[in-house]
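Hi,

Here is the structure I promised to pass on, with my notes below it. Have a look at it first, then read on.

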Amino acid sequence: MVPGIKASWELVGDQLEGQQFIVGYQQEEWAVPEIGEVYKLTTPDETVSQFIRITAFDYYIKTFTYFTGVEYIDFTRRKVEMQISAPLVTTFIGASPVPGEPQEATSRIEVTQIVESCSASYPPLES
């Protein structure tokens, strides 16, 4: 497995070491994570990472409230609750849901791809 692009969801708050269930949120129009998908979580300081496989999930639309410093605004997001195949090896940092990208440092979530080895032999490149 190799990490790819940023995942379509963010962690809702900190996900604690030992948990085998994680919670995220995403835009309603984005694809919901599916059973069997694998993601790579990396701590903000990039010292620890872990591949996680989704084994079950549930989701629903939720209204969150965000304080801009001047006023409160309501916004909706899809909240996704995912069971994973192995417990978290450390605490991965999340944030309270916000209308845009979280401003504080949070754990990075990346979609992964399977790397297939190739045993085919290719002729050398000509210079």
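**The core**

In this predicted model, the largest nonpolar core is made of 14 residues, and those with the most contacts inside it are Trp9, Ile22, Tyr39, Ile52, Leu88 and Ile109. Three strands each supply at least two residues of this core: S4 (38-42), S5 (49-67) and S6 (72-84). The most comes from S6, which gives three residues.

Ile22 is a good place to start if you want to click around. Leaving aside residues up to four places away in sequence, Ile22 touches Trp9, Gln15, Ile52, Val80, Glu81, Met82, Ile84 and Leu88. Trp9, Ile52 and Leu88 are also on the list of core residues with the most contacts.

**The overall picture**

Zooming out, the protein chain has seven strands and zero helices, so to speak a plain β-β-β-β-β-β-β when you read along the sequence. The chain has 127 residues, of which 34% count as buried. About 8,000 Å² of the protein chain is exposed, and 52% of that is supplied by carbon and sulfur atoms. Among contacts with a separation of 6 or more, 65% are between residues 24 or more positions apart.

**The sheet**

How are the seven strands ordered in the sheet? The order is S1-S7-S4-S5-S6-S3-S2, in an open sheet with antiparallel pairing. S1 and S2 stand at the edges and have a single partner strand each, so one side of each has no neighbour in the sheet.

Two hairpins are worth a look here. Take S4 and S5 to begin with: they run antiparallel and are joined by five bridges. Val38 stands opposite Arg53 in S5, and Thr42 has Ser49 in S5 as its bridge partner. Six residues lie between the two strands of this hairpin. Glu46 is in that loop between S4 and S5, and its phi is near 60 degrees, which is a positive value in a residue other than glycine. Is Glu46 buried or exposed? Its relative accessibility is 54%, so Glu46 counts as exposed.

Now for S5 and S6. These two strands also form a hairpin, with four residues between them, and they pair in the antiparallel sense over 13 bridges. Thr63 stands opposite Thr76 in S6. In the turn, Gly69 has a positive phi of about 105 degrees.

**The rings**

The structure holds five aromatic pairs. Trp9 and Tyr39 make one that is edge-to-face, at 5.2 Å centre to centre with 80 degrees between the planes. This pair links distant parts of the chain, 30 residues apart: Trp9 is in the loop between S1 (2-6) and S2 (10-11), while Tyr39 is in S4. Trp9 counts as buried because its relative accessibility is 1%, and Tyr39 is buried too, with a relative accessible area of 5%. Both residues are also named among those with the most contacts inside the largest nonpolar core.

Phe67 and Tyr72 form another aromatic pair, and this one is tilted: 4.6 Å centre to centre and 40 degrees between the planes. Where do these two sit in terms of exposure? Phe67 counts as partly exposed, at 40% relative accessibility, whereas Tyr72 is exposed, with a relative accessible area of 61%.

There is also a cluster, in which ring pairs link Tyr25, Phe64 and Phe75. Phe64 has a charged visitor as well: Lys62 lies over the face of its ring, at 5.6 Å from the ring centre. A second case involves Arg78, whose charged end sits over the ring of Tyr59, 5.5 Å from the centre.

**Where to look**

If you only have a few minutes, I'd go for these:

- Ile22 and its contacts, including Trp9, Ile52 and Leu88.
- The edge-to-face pair of Trp9 and Tyr39.
- Glu46, with its positive phi.
- The cluster of Tyr25, Phe64 and Phe75.

Over to you!

How values were computed. Residues numbered from 1 in each chain as written. Predicted model: local features only at pLDDT ≥ 70, side-chain atom pairs only at ≥ 80, totals over all residues. Heavy atoms only, no water. Core = buried A, V, L, I, M, F, W, Y, C linked by side-chain atoms within 4.5 Å. Buried < 20%, exposed > 50% of the residue type's maximum accessible area, 1.4 Å probe, protein only. Contact = heavy atoms within 4.5 Å. Areas by Shrake-Rupley, 256 points an atom, 1.4 Å probe, with all protein chains shown as cover. Pairing = 2+ DSSP bridges. Phe/Tyr/Trp six-rings, centres within 6.5 Å; stacked < 30°, edge-to-face > 60°. Lys NZ or Arg CZ within 6 Å of the ring centre and 35° of its normal.
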